[in-house]
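Me: I'm new to this one and I keep running into labels. Could you show it to me and then let me ask where the labels come from?

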Amino acid sequence: MDTAAVVFDPGHRKLSNNKNMYIQMLYNGGVPVSTIVNMLTEKYSRYVYNKDIYNTLSHHSCDYVKGLSQTAELLKGLNDNNKYMFTYSVNNNRLHCLFFTTHSAVAKFKQYPEVLLIDAIYKTNLFGMPLLLISGIDAMNITFLIASRLLTNETIPSYC
């Protein structure tokens, strides 16, 4: 590899665990990312990219929320709130799919049972799963969300 291009290769820019912990400590202390970049650049005599800082912060946030995995925290939040109805399945210790809605959405759907749109969107959640949104329309032509579902992929078994 061209030695000038090495600095742009993410593999060569990988930060150590100590640096990652330092970044997280600074960020949790309220230090802005631009200041963290400047501090690390001075401390280690090499330029640190904003993207590396954001990747470190993102990776750390993906690990745990309040001591639980993000999936466990989501399911606990849904379970602790009587407003939601949900069901999920786990495959190989990973969330396979999660279907959730509110009691009020079900009541509104019973009143107006015609589905307007079912569509999946991508890269919108920390789980890296497509989010399927099911919406309806009421008598006033106002759309409402009926339910949501996280899927592992858009194959037929994932919808079941």
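Reply: Sure, what follows is a short round of questions about a predicted model.

Me: Why are F86 and Y88 called a stacked pair?

Reply: Their ring centres are 6.2 Å apart, with 10° between the planes. Rings pair if the centres lie within 6.5 Å, and planes under 30 degrees apart count as stacked, so both labels fit. A search of the whole structure finds one aromatic pair, and this is the one.

Me: Why do F86 and Y88 count as partly exposed?

Reply: F86 has 26% relative accessibility, and Y88 has 41%. Buried means under 20% and exposed means over 50%, so values in between get the middle label.

Me: What makes S148 buried, then?

Reply: Its relative accessible area is 6%, and the cut-off is under 20%, so S148 passes. S148 is found in strand β5. Leaving aside neighbours within four places in sequence, it is in contact with L98, F99, F100, L131, L132 and L133.

Me: How do you know that β1 and β2 pair?

Reply: Count the bridges: strand β1 (residues 84-91) and strand β2 (residues 94-102) have eight, in the antiparallel sense. Pairing takes at least two bridges, so they qualify. For one of them, take Y84, whose bridge partner in β2 is T102. The hairpin has two residues between the strands, and N92 takes a positive phi near 55° there.

Me: What makes β2 and β5 a pair as well?

Reply: β2 and strand β5 (residues 143-151) have four bridges, again antiparallel, and at least two are needed, so they pair too. F99 has R149 as its bridge partner in β5.

Me: Why is the charged end of K43 said to sit over the ring of Y22?

Reply: That charged end is 4.3 Å from the ring centre. The limit is within 6 Å, along with an angle within 35 degrees of the ring normal, so the distance part is met by that value. The contact is listed as sitting over the ring.

Me: Which elements give two or more residues to the largest nonpolar core?

Reply: The core has 11 residues, including L15, I23, V37 and L57. The elements giving two or more are α1 (17-28), α2 (33-44) and α3 (50-63). α2 gives the most, with four residues. Another core, of eight residues, lies apart from it, with L75, L78, L95 and L150 among them.

How values were computed
Residues are numbered from 1 along each chain as its sequence is written. This is a predicted model: local features need pLDDT of at least 70, side-chain atom pairs count only at pLDDT 80 or more; totals for chains, interfaces and linings use all residues. Side-chain values use heavy atoms; hydrogens and water are left out. Rings of Phe, Tyr and Trp (its six-membered ring) pair if their centres lie within 6.5 Å; planes under 30 degrees apart count as stacked, over 60 as edge-to-face and the rest as tilted. Buried means under 20% relative accessible area, exposed over 50%, partly exposed in between (1.4 Å probe, protein chains only). Contact means heavy atoms within 4.5 Å. A nonpolar core is a set of buried Ala, Val, Leu, Ile, Met, Phe, Trp, Tyr and Cys residues joined through side-chain atoms within 4.5 Å.
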